[in-house]
Amino acid sequence: MKLAAGLRFWLKGAVVMLMTLLILIPLAMIGGVVSERQQHRQRAVADIARSYAGAQAFAGPVLVVPYVDRVAVRERGEDGVLREVRREVAGEWTFFPQTLEVGGTMRPSVRRLGLHEVRVYEWHGEARARFDLTLPEDEDPASPRSIGQPRLGYAIADVRGLMALPVLSVDGRRVGVSEGFGARGAGGVHARLPAPAAGARWRLDTRLSFVLGGTETLALVPLGRSNAFDVHSSWPHPRFGGSFLPRTRDVGADGFRARWQIAAVASGAQAQFREGATLPPAECLDRRAAARAAHPPARCALDPVTVSLVDPVNAYSQADRAIKYGVLFVFLTFVGFFLFELIRQLPVHPIQYALVGLALAIFFLLLVSLSEHLPFGAAYLIACAACIGLIGFYLSAVLRSAARGAGFAAMLAALYAALYGLLLSEDYALLLGSLLLFAVLAALMVLTRRVDWYRLGASPPPPLP
């Protein structure tokens, strides 16, 4: 008899563990729904970027000076005799600024597409640069090289974001600009300058003023020998990334201001540019760029600094994090049922376990659906109230006591409150989660410290204090 009772007890424990594992199936399905909704939002961002402008990147100016050398080569003619002939060989020199100062104001706004809000901005920017260079001398005075018109180029990731023709001045004089970066087929604007003489020292002070629209992220490339970036905005939730973090930043409820100071010796941007790298495309500037930063693809090799206008409470990412704790919620609830069976000798059918587990899983689906229409905090509160109320009402009958049902509801409320704290405190999530698990384990050990596990099922356990 004792053996049969003990077997029934351990069989029930195995069934409870199996039910916990089965609840993972609806939790995984709800996780798939969250991923699908995240993809819908990414498509909304892409649709707005196609009709407005994508994530922006800005680099420059770069001064490119083309030239043609006449070199002597020995060639064998049709008669087989070697002769010296003159050939023209084209090349170009690339010069970067001695100092580069880029700054401006990002004016944010929000555009909606269906249920989704996408942050866009207009950057009222200005780029000041100073060049101080000396052109190479002619290698052969008897055959001087021909120097063409230099190109002063500014690269822009998505030129559709230009709200008007940029204004460029060189040494205080207005200079007309043309479309295109002027090299490698990159987008942007450039200006043609008068051809200098070989061996001449050339000093230029340039200033470009422009208004550039973009979606969510702005990237700046430190191509100067000494770089100073200054970006400010009224958006209170920036995220800084890229190869360098701001040297100083001021973030408050009224917006942010960030400043970078970057020397060429600390950045590989110039070398990367010479090797053929251009601006990082939009897919390298999205919010997953940090995850790819350890092994960036070659086309994303031009190192930028980035600032993004982010949503501090992303409903989908918060719901995805919450679902990861779903199995813990189910397990703790089932453990509570199991303790009632053990201590109070109240039988709970596996179907009742399953119904309560599904109610816990439905909470996460309610959270996702409500957060698409309401602030995340309000959606969380409503979903909690609905699920806790339903489970408390149901357990009042299952556990044959309204007080027991209310007690379980209070336990769930405490768990949901702890989960909300975990979601809000991303930096302390591991610490808070560890403390929660420790507290739960300690409570279980205290409650069962006098249970004789060898006599389970043979007779009622002694009353707990």
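Strands here are DSSP runs of E at least two residues long, numbered from the N terminus. Keep in mind as you scroll around that this is a predicted model. With that settled, Thr306 is a handy place to start: this residue sits in strand 17, which covers residues 305–309. Anything under 20% relative accessible area counts as buried, so Thr306, at 11%, belongs to the buried group. The side chain of Thr306 isn't idle in there either, since it comes to 3.4 Å from the backbone nitrogen of Gly242.

Stay in strand 17 and look at Ser308. The relative accessible area of Ser308 is 6%, so this residue is buried too. What does Ser308 touch, once residues up to four places away in sequence are set aside? The list is Glu216, Thr217, His237, Pro238 and Arg239.

Glu216 deserves a stop of its own. You'll find Glu216 in the loop between strand 11 (201–215) and strand 12 (217–220). Its phi is near 70 degrees, which is positive even though the residue is not a glycine. And despite being in a loop, Glu216 is buried, with a relative accessible area of 11%.

Asp171 makes a nice companion case. Here again a residue that is not a glycine has a positive phi, this time about 55 degrees. Asp171 belongs to the loop that links strand 7 (167–170) and strand 8 (173–175). Is Asp171 buried or partly exposed? With a relative accessible area of 34%, Asp171 is partly exposed.

One more backbone detail before the helices. If you check omega along the chain, stop at the peptide bond from Gly60 to Pro61: this bond is cis, with omega near 10 degrees. Pro61 itself is part of strand 1, which runs over residues 56–76.

Zooming out for a moment, the protein chain has 9 helices and 17 strands. Of its 465 residues, 44% count as buried. Take the contacts between residues at least 6 apart in sequence, and 75% of them join residues at least 24 apart.

Now for the helices. Two packed helices are described by the angle between their axes and the distance between the axes. For helix 4 (residues 315–324) and helix 6 (residues 350–371), the axes come within 10 Å and cross at roughly 175 degrees. Angles over 145 degrees count as roughly antiparallel, and that is why helix 4 is described as roughly antiparallel to helix 6. On the helix 4 side, the contact is made by Ala315, Tyr316, Ala319, Ala322 and Ile323, while helix 6 brings in Phe364, Leu367, Val368 and Ser371. By residue type, this contact has 8 nonpolar residues, 1 polar and no charged.

Helix 7 comes next, covering residues 376–398. Its 23 residues should span 33 Å at 1.5 Å a residue, and the end C-alpha atoms are 32 Å apart, so the two values agree. Which residues of helix 7 are buried? They are Phe376, Ala379, Tyr380, Ala383, Cys384, Cys387, Ile388, Ile391, Gly392, Leu395 and Val398.

Pick Cys387 out of that list. Cys387 has a relative accessibility of 4%, so it counts as buried. Leaving out residues up to four places away in sequence, Cys387 touches Ala359, Ile362, Phe363, Leu366 and Tyr416. Cys387 and Ala413 are 26 residues apart along the chain, and their C-alpha atoms are separated by 9.8 Å.

After helix 7 comes Arg400, with a positive phi near 60 degrees. Then, at the start of helix 8, a side-chain oxygen of Ser401 gets to within 3.3 Å of the backbone nitrogen of Ala403. Helix 8 (residues 402–424) has 23 residues and reaches 33 Å from its first C-alpha to its last, close to the expected 33 Å. Its buried residues are Gly405, Phe408, Ala409, Leu412, Leu415, Tyr416, Leu419, Leu422 and Leu423. Tyr416, in that list, is one of the residues that Cys387 touches.

Finish with Ala418, also found in helix 8. Ala418 has a relative accessible area of 26%, so this residue is partly exposed. From C-alpha to C-alpha, Ala418 and Leu432 are 8.3 Å apart in space, with their positions 14 residues apart in sequence numbering.

Terms used:
Residues numbered from 1 in each chain as written. Predicted model: local features only at pLDDT ≥ 70, side-chain atom pairs only at ≥ 80, totals over all residues. Heavy atoms only, no water. Axes fitted to C-alpha atoms, helices over the stretch in contact; angles between N-to-C directions. Helix = DSSP H or I, 4+ residues; strand = E, 2+ residues; numbered from the N terminus. Parallel < 35°, antiparallel > 145°, perpendicular 65-115°, else oblique. Contact = heavy atoms within 4.5 Å. Nonpolar A, V, L, I, M, F, W, Y, C, P; charged D, E, K, R; others polar. Expected span 1.5 Å × (residues − 1). Buried < 20%, exposed > 50% of the residue type's maximum accessible area, 1.4 Å probe, protein only. Polar contact = N/O pair within 3.5 Å; in protein donor to acceptor, adjacent residues only side chain to side chain.
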